[in-house]
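Work through the exercises below with the sequence and the model side by side. Each task is followed by a solution that goes step by step.

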Number of protein chains: 2
Amino acid sequence: MGAERHNVSAVSDSPRRRIPEAALSRLPLYLRVLGELSNETVNQVSSEQLAELTGMNAAKVRKDLSYLGSYGTRGVGYDVNFLTYQIQRELGLNHDWPLVIVGAGNLGQALANYGGFTERGFSIAGVFDTDESKVGGVVGGVRVRHLDDLSQVVQSKNVSIGVLATPGEAAQEAANRLVRAGVGSILNFAPVVLSVPRGVSVRKVDLAGELQILSYYEQRRAANAVAREAAGAPARGVSA
Amino acid sequence: MGAERHNVSAVSDSPRRRIPEAALSRLPLYLRVLGELSNETVNQVSSEQLAELTGMNAAKVRKDLSYLGSYGTRGVGYDVNFLTYQIQRELGLNHDWPLVIVGAGNLGQALANYGGFTERGFSIAGVFDTDESKVGGVVGGVRVRHLDDLSQVVQSKNVSIGVLATPGEAAQEAANRLVRAGVGSILNFAPVVLSVPRGVSVRKVDLAGELQILSYYEQRRAANAVAREAAGAPARGVSA
DNA sequence: TGATGTGAACCCATTCACAGCC
DNA sequence: GGCTGTGAATGGGTTCACATCA
């Protein structure tokens, strides 16, 4: 595929250097911890401390942060508020993002009620469903609308993020509607692999899958316990 | 730190070869797709088809599956039911896993009601909270108990997986209780980095963090659009 | 002095490409 | 002939270790 090495002289230069996916996925974590430090009126923090608080190691923290620019002070550490600002800026969190939730079942309702989204600057522009018995109800302080109104809301409120919380059967069609309405990113809770046009970003959260992975660890732990009992050795854990 | 290189000759050798974390995390996905194929009474599937259905590529699928053993047939593909069985077996899904949910707020209730867990063989052995106004209520068909009863339930029902859905402030203490009660794996929805004894497995689901990552993509998309407008070039998307 | 920022080394994950088998 | 299973090659991510600078 594209064998470009220097992505320098692109169209007026990419708006900002691209952050590696793995590092990007940790920025929200740093952000949260920094927020807590700020509440405790801590002003400076070292990569060592940040590593401790996030369960990472210090070198990784420094490398991750270095993708944002050189915002630390050698011999001192990072200014908590300044670093917070820079991460927010990089993630695009310096303004609110309206989002829509599609699916007003158990999960959709919970997500609408879940304070964590609005707390972090994501306002809920609408909750949608096709089930007439749900339409008209109020969820998370928002009236549930029929999915047919999706496009209108997305456009009038400039929504670019959609949260998909339908049953699996309805997910692909709902995703199509989101895309047609103009949504560019989808957070998918439905147990389905979505097919979307190139350019649309999808992240998937697989709740049952997470449990299945834990099940694997538990099974190993159990098997180890049996093996240990047979041998009489006092080893512990599964090294997760 | 620990400079152990070969962890081979441990106690009586690990009960089964260890599956690389990355491959492990995809097994639930394969499993789900296989389940759908089975419903459609498809008997055989090639790595190519599985790749198509899961959004992976064929080589990755084959390598992932090869960690389980050699369960395919050259020139033919994989037997859907047999492969399903082998993955389930590897993940420890050939028996039910009881779990407890700690936190009966919005998220805890939603998870209890969410059919996806029980559908996949995880029964809910109990829902717990410390809030007296919640204790005694019924959620997901289960009575909410006081957190003080956790240990008793975990032990009598042999629970080894805990789902943590408390507010951040309560999460660490709740995790301590889970561990003390004997739970070995925790699925953590609280916006907190848990500290647990070595040997306990934790997986974290960061709902707000997922949105923040999408926000990054959207911000880039927006910036690209501006740059394109300035140049008049017809490129599309953010290459996510 | 002490902590950042970063090449280089290392390690794990993905992809390639083909031998092996049905 | 066709598809799996897997060594080898590649690539990305993590860690090391140190030059750099407040």
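**Exercise 1: strand 4 of chain B and its partners**

Leu99(B) stands opposite Ile161(B) in strand 8 of chain B, where strands are DSSP runs of E with at least two residues and helices are DSSP runs of H or I with at least four, both numbered from the N terminus. The model is a predicted one, in which local features need pLDDT of at least 70 and side-chain atom pairs count only at pLDDT 80 or more, while totals for chains, interfaces and linings use all residues. Residues are numbered from 1 along each chain as its sequence is written, chains are lettered from A and ligands numbered from 1 in the order in which they are written, and side-chain values use heavy atoms, with hydrogens and water left out.

Task: find which way the residues of strand 4 of chain B point, and in which sense this strand pairs with strand 5 and with strand 8 of chain B.

Solution. Begin with the strand itself: Trp97(B), Leu99(B) and Ile101(B) point one way, whereas Pro98(B), Val100(B) and Val102(B) point the other way. Strand 4 of chain B is mostly covered, since 6 of its 6 residues are buried, buried meaning under 20% relative accessible area, exposed over 50% and partly exposed in between, with a 1.4 Å probe and protein chains only.

Next, take the pairing, which requires that DSSP finds at least two bridges between two strands. Strand 4 of chain B runs parallel to strand 5 (residues 122-129) of chain B over 6 bridges, and in this pair Val100(B) stands opposite Gly126(B). Strand 4 (residues 97-102) and strand 8 of chain B are also parallel, joined by 4 bridges, and Val102(B) has Leu164(B) as its bridge partner.

**Exercise 2: from strand 8 to strand 9 of chain B**

Task: describe strand 8 of chain B, and state the handedness of the crossover that leads from it to strand 9 of chain B.

Solution. In strand 8 (residues 161-164) of chain B, Ile161(B) and Val163(B) point one way and Gly162(B) and Leu164(B) the other, and all are buried. Strand 8 is joined in parallel to strand 9 (residues 185-188) of chain B by 4 bridges, with Ile161(B) opposite Ser185(B). Between these two strands the chain passes through helix 9 (residues 168-181) of chain B, and the β-α-β crossover is right-handed, that is, with the strands pointing away from the viewer, the path from the first strand over the helix to the second runs clockwise.

Finally, look at Asn188(B), which is in strand 9 of chain B and counts as buried at 0% relative accessibility. Not counting residues up to four places away in sequence, Asn188(B) touches Leu164(B), Leu194(B), Val202(B), Arg203(B), Lys204(B) and Val205(B), contact meaning heavy atoms within 4.5 Å.

**Exercise 3: helix 10 of chain B**

Task: check whether the length of helix 10 of chain B agrees with the expected span, then examine both ends of the helix.

Solution. The expected span is 1.5 Å times one less than the number of residues. For the 25 residues of helix 10 (residues 207-231) of chain B this should give 36 Å, and the end C-alpha atoms are 37 Å apart, which agrees. Of these 25 residues, 18 are buried, so the helix is largely enclosed by the rest of the structure.

At the start of helix 10, a side-chain oxygen of Asp206(B) reaches to within 3.4 Å of the backbone nitrogen of Ala208(B). Just after the helix, Gly232(B) takes a positive phi of about 85°.

**Exercise 4: the small sheet of chain A**

Task: give the order of the strands in the open sheet of chain A, and explain why one side of strand 1 and of strand 2 has no neighbour.

Solution. The sheet has 3 strands in the order 1-3-2, with antiparallel pairing. Strand 1 (44-45) and strand 2 (72-73) of chain A stand at the edges with a single partner strand each, so one side of each is left without a neighbour in the sheet. Strand 2 pairs with strand 3 (residues 77-79) of chain A over 2 bridges in the antiparallel sense, and the bridge partner of Thr73(A) is Gly77(A).

Terms used. Polar contact = N/O pair within 3.5 Å; in protein donor to acceptor, adjacent residues only side chain to side chain.
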